[in-house]
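Me: Please pick one part of this model and look at it closely with me, and then show me how it fits into the rest. I am in my first year, so please go slowly and link each step to the one before.

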Amino acid sequence: MEIYNSEEQQVEAIKRFWKENGTAIIAGVVLGLGGLYGWRYFQDQQLEATMAASSAYTKLLEQQEKAADNPELLAQFQTFVDENNDSSYALLAAFVAAKEAVAKEDYASAAKQLNWVMTTAKQPEIKALAQLRLARVQNEQKDYPAALATLALAVPESFKAQQQELTGDVLLNSGELAKAKTAYQAAANKDAQNPILKVKLDELAHVTAA
């Protein structure tokens with residue numbers, strides 16, 4: 001590093017440095033400020049989009065409460081999901097739409113919504129919730145192989161008892177009693193306080209677990 005012996009030399013060095021690098025420094029500052037304000041603008045835009053999605057979602061729920069038998073309700077939920085598919089409100093709307101579809105026994109529409117949640121959601125818990133509900137829909141459709149395939153997907157530990165119990169339900173409906181009992185027992189091992197599981201196991205007391 002060069003050593004300066006007097007204030008005059010230091011001043012001259014500063015002038016020379018600024019002459020050589022001043023433009024680059026100014027440009028860097030401008031870009032830095034531009035990035036800062038650009039990021040703030042982006043955040044503001046994101047906040048506005050979230051607030052708009054929240055308002056639209058609330059209105060949709062109000063319409064659902066006022067006219068649950070509205071034949072256009074499912075289409076309205078689908079439109080909301082399509083227009084807000086990068087928002088967490090779209091996931092909520094898809095769950096509500098699936099529930100409405102099941103109430104109308106429109107299992108194909110319910111499965112479509114739940115499949116979308118499974119492929120879109122980033123949180124494992126949200127994926128697991130959609131997975132279990134999809135398996136129930138497939139069970140209602142009597143598509144037992146599809147339901148078992150859905151239930152074979154991994155879920156967080158807190159969902160495993162539900163997963164095993166529902167697996168037992170599907171196996172029971174498909175006539176595989178021994179495997180159903182094994183699944184129920186696996187669920188009971190994780191959730192010993194569930195009285196419904198005890199009833200299900202009692203009903204299969206005569207069956208030898210697989």
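Reply:
**Asp 169 and its surroundings**

Asp 169 lies in helix α7, and what follows describes a predicted model. Is Asp 169 buried or exposed? Its relative accessibility is 18%, and because residues under 20% are classed as buried, Asp 169 counts as buried. If we leave aside the neighbours within four places in sequence, Asp 169 is in contact with Tyr 184 and with Lys 200.

The helix that carries Asp 169 also has a partner, and some background helps here. Two packed helices are described by the angle between their axes and by the distance between those axes. Helix α7 covers residues 160-173 and helix α6 covers residues 144-151, and their axes come within 10 Å and cross at roughly 165°. Angles over 145 degrees count as roughly antiparallel, and therefore α6 is roughly antiparallel to α7. The crossing in which α6 passes α7 is left-handed. On the α6 side, the contact is made by Tyr 144, Ala 147, Leu 148 and Leu 151, while α7 brings Gln 163, Leu 166, Thr 167, Val 170, Leu 171 and Asn 173. Sorted by class, the residues of this contact between α6 and α7 are seven nonpolar, three polar and no charged.

Going back along the chain from α6, we come to the loop between α5 and α6, where Lys 142 lies. Lys 142 is a residue other than glycine, yet its phi is positive, near 65°. With a relative accessible area of 60%, Lys 142 is exposed. A similar description can be given for the loop between α3 and α4, which is the place of Glu 105. Glu 105 is not a glycine either, and it has a positive phi of about 60°; at 60% relative accessibility, Glu 105 counts as exposed.

Another helix pair can be read in the way we read α6 and α7. Helices α4 and α5 pack at an angle of about 155°, and their axes are 9 Å apart, which means that α4 is roughly antiparallel to α5. Here, too, the crossing of α4 past α5 is left-handed. Among the α4 residues in this contact are Tyr 107, Ala 110, Ala 111, Leu 114 and Val 117, and among those of α5 are Ile 126, Ala 130, Leu 134 and Val 137. By class, the contact of α4 with α5 has ten nonpolar, three polar and three charged residues.

Val 137 is a useful residue to follow further, since, leaving aside neighbours within four places in sequence, it is in contact with Val 102, Tyr 107, Ala 110, Ala 111 and Leu 114. Val 137 also belongs to the largest nonpolar core, a set of 23 residues in which Phe 77, Leu 114, Val 117, Ala 130 and Val 137 have the most contacts. Helices α2, α3, α4 and α5 each supply at least two residues of this core, and α3 gives the most, with eight residues.

Seen as a whole, the protein has nine helices and zero strands. Buried residues, a class to which Asp 169 belongs, make up 33% of the 210 residues. Finally, of the contacts in the protein with a separation of 6 or more, 47% are between residues 24 or more positions apart.

How values were computed. Residues numbered from 1 in each chain as written. Predicted model: local features only at pLDDT ≥ 70, side-chain atom pairs only at ≥ 80, totals over all residues. Heavy atoms only, no water. Axes fitted to C-alpha atoms, helices over the stretch in contact; angles between N-to-C directions. Helix = DSSP H or I, 4+ residues; strand = E, 2+ residues; numbered from the N terminus. Parallel < 35°, antiparallel > 145°, perpendicular 65-115°, else oblique. Left-handed = near helix turned anticlockwise from the far one by under 90°. Contact = heavy atoms within 4.5 Å. Nonpolar A, V, L, I, M, F, W, Y, C, P; charged D, E, K, R; others polar. Core = buried A, V, L, I, M, F, W, Y, C linked by side-chain atoms within 4.5 Å. Buried < 20%, exposed > 50% of the residue type's maximum accessible area, 1.4 Å probe, protein only.
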